[in-house]
Amino acid sequence: MAVGLSEFFTERGDSPVWVGEVELLTAGARRRNVAFSADLDGGGARRLVATIVPAAVELMSVHAEARVRELVRAHGVPVPAVVAVCEDSAYVGAPFVVSEHVAGETVPRRVLRLIEASGTAETVACQWGAAMGRLHTLDPATAPATVAAAGPDPAAEALAVAERGVRDLLDGRPVFAMALRWLERGLPAPPPRTALLHTDMRNGNLIVGPDGLRAVLDWEGAQRFGDPMRDVAWPALRMWRFGHDAREFGGFADRASFVRGYESAGGDVDPDRFRWWKVMGTLTWGLGLAAQAAAHLDGSVRDIVMAASGRRVPEIEWDLLMQIRPSAKT
């Protein structure tokens, strides 16, 4: 890794570049994040991070992702500054983006402990909401044209995908059938305003320090012209609370704190649309678990639900029942 990065930076500049202190970071479920030190301009070594994107998990090109990140950073969203981009796999085995290193915690349970110790839950929630609010006030047409775009009716499209997924993977599971009917009855109209979405801005893709939110990571799933409430609802799902279920956002904050930050930055929360996307996000996660199980099986729905990932499907069914029950408000 050090040799490949050194060759890359040396070929870009006028003199040899030393790279050392390489460390594989824990962040990144699909992509490798590697911290290292390098002196790029003769001003002394500085800490950097290379995000390496194998072709098998690439959702957008590293150049497009870098452009999205710099676009939102210029709009006030805290994102590590991009230093270099390379689409050539020859140096480290895959394309990569090099960013400034931002110190802090990213592992969710460590984030929760840090926030509890520093007493910054409300601060982080407001900063998190404000980061998303700034993102959603940016004109999505300014993002690179190669970034995926939602269609004219994002909710209807998501529902169609969910219906196919339930039919193919979980046909005969009554809770999923009930949830689909609930989603069909409450299908919202196309959003009055579309936005550039992150699509995964939840606890686990944040860098947090004792002073609060420092950066938002993992922009490879960004989407143009999406429904802002899809983005707002996703981090409120129970799977991102890491055992602290009473705290809706990230396991450390209530909704009011997040919304306060979101609205302070120009965002506007629609409670009904938020609830719809929260149910849709929960159902989608259940389908994802079923798909993971099905990828290793060739059997019945029962086989899928009994597999390792599939055993969590009943948890999702409980979440869906709690969200669509008549007395539920959220």
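**A friendly note on this predicted model**

1. Let us begin with Val 259, which counts as buried because its relative accessibility is 14% and buried means under 20%. You will find Val 259 in helix α8. Please keep in mind as you read that this is a predicted model. Which residue can you use to see how the chain comes back on itself here? Try Met 132: Val 259 and Met 132 are 127 residues apart along the chain, while their C-alpha atoms are separated by 9.9 Å.

2. Stay with the same stretch of chain and look for Tyr 262. Helix α8 spans residues 255–264, and Tyr 262 is part of it. Is Tyr 262 buried or exposed? With a relative accessibility of 0%, Tyr 262 counts as buried. A good partner to pick out is Gly 133, whose C-alpha lies 4.6 Å from that of Tyr 262, although 129 residues separate the two in sequence.

3. Which residues does Tyr 262 touch, once neighbours within four places in sequence are left aside? Its contacts include Gly 129, Ala 130, Met 132, Gly 133 and His 136. Pro 228, Met 229 and Val 232 are also among them. Gly 267, Asp 268 and Val 269 are in contact with Tyr 262 as well. It is worth clicking through these in the viewer, one by one.

4. Now turn to Glu 122, which sits in helix α4, made of residues 121–136. Glu 122 counts as partly exposed because its relative accessible area is 46%, and the partly exposed class lies between the cut-offs of 20% and 50%. What does Glu 122 touch beyond residues up to four places away in sequence? The answer is Ser 257 and Arg 260. For a contrast in distance, look at Ala 81: it is 41 residues from Glu 122 in sequence, and their C-alpha atoms are 26 Å apart in space.

5. Two phenylalanines deserve a look at their backbone. Phe 225 has a phi near 60°, a positive value in a residue other than glycine. Phe 225 belongs to strand β9, residues 223–226, and is partly exposed, with a relative accessible area of 27%. Phe 242 has a phi near 55°, again a positive value in a residue other than glycine. Where does Phe 242 lie? Its place is the loop between α7 (228–233) and α8. Phe 242 counts as buried because its relative accessibility is 19% and the cut-off for buried is under 20%.

6. Next comes a glycine in a loop. Gly 44 lies between β2 (32–38) and β3 (46–52), and at 32% relative accessibility it counts as partly exposed. Leaving out residues up to four places away in sequence, Gly 44 touches Ala 38 and Asp 39. How far is Gly 44 from Val 313? Their C-alpha atoms are 51 Å apart in space, and their positions lie 269 residues apart in sequence.

7. A short word on cysteines. How many disulfides does a search of the whole structure find? The search finds zero. Cys 86 is buried, with a relative accessible area of 4%, whereas Cys 126 counts as partly exposed at 21% relative accessibility.

8. Let us step back to the whole chain. The protein chain has 11 helices and nine strands. Why can its overall size be said to agree with that of a compact globule? For 330 residues, such a globule would have a radius of gyration near 20 Å, and the protein chain has 21 Å, which agrees. Along the principal axes, the C-alpha atoms fill a box of roughly 65 × 50 × 40 Å.

9. What share of the 330 residues is buried? In the protein chain, buried residues make up 50%. The accessible surface comes to about 14900 Å², and 52% of this belongs to carbon and sulfur atoms. If you consider contacts between residues at least 6 apart in sequence, 69% of them join residues at least 24 apart. The pair of Tyr 262 and Gly 133, 129 residues apart in sequence, is a handy example of distant positions brought to 4.6 Å, C-alpha to C-alpha.

10. Finally, the charges. The protein chain has 36 positive and 41 negative charges, and the mean positions of the two groups are 6 Å apart. You could colour both groups in the viewer to see how they are spread.

Conventions:
Residues numbered from 1 in each chain as written. Predicted model: local features only at pLDDT ≥ 70, side-chain atom pairs only at ≥ 80, totals over all residues. Heavy atoms only, no water. Helix = DSSP H or I, 4+ residues; strand = E, 2+ residues; numbered from the N terminus. Rg over C-alpha atoms; globule rule 2.2 N^0.38 Å. Buried < 20%, exposed > 50% of the residue type's maximum accessible area, 1.4 Å probe, protein only. Contact = heavy atoms within 4.5 Å. Areas by Shrake-Rupley, 256 points an atom, 1.4 Å probe, with all protein chains shown as cover. Lys, Arg positive; Asp, Glu negative; His and termini not counted. Charge placed at Lys NZ, Arg CZ, Asp CG, Glu CD. Disulfide = S-S within 2.5 Å.
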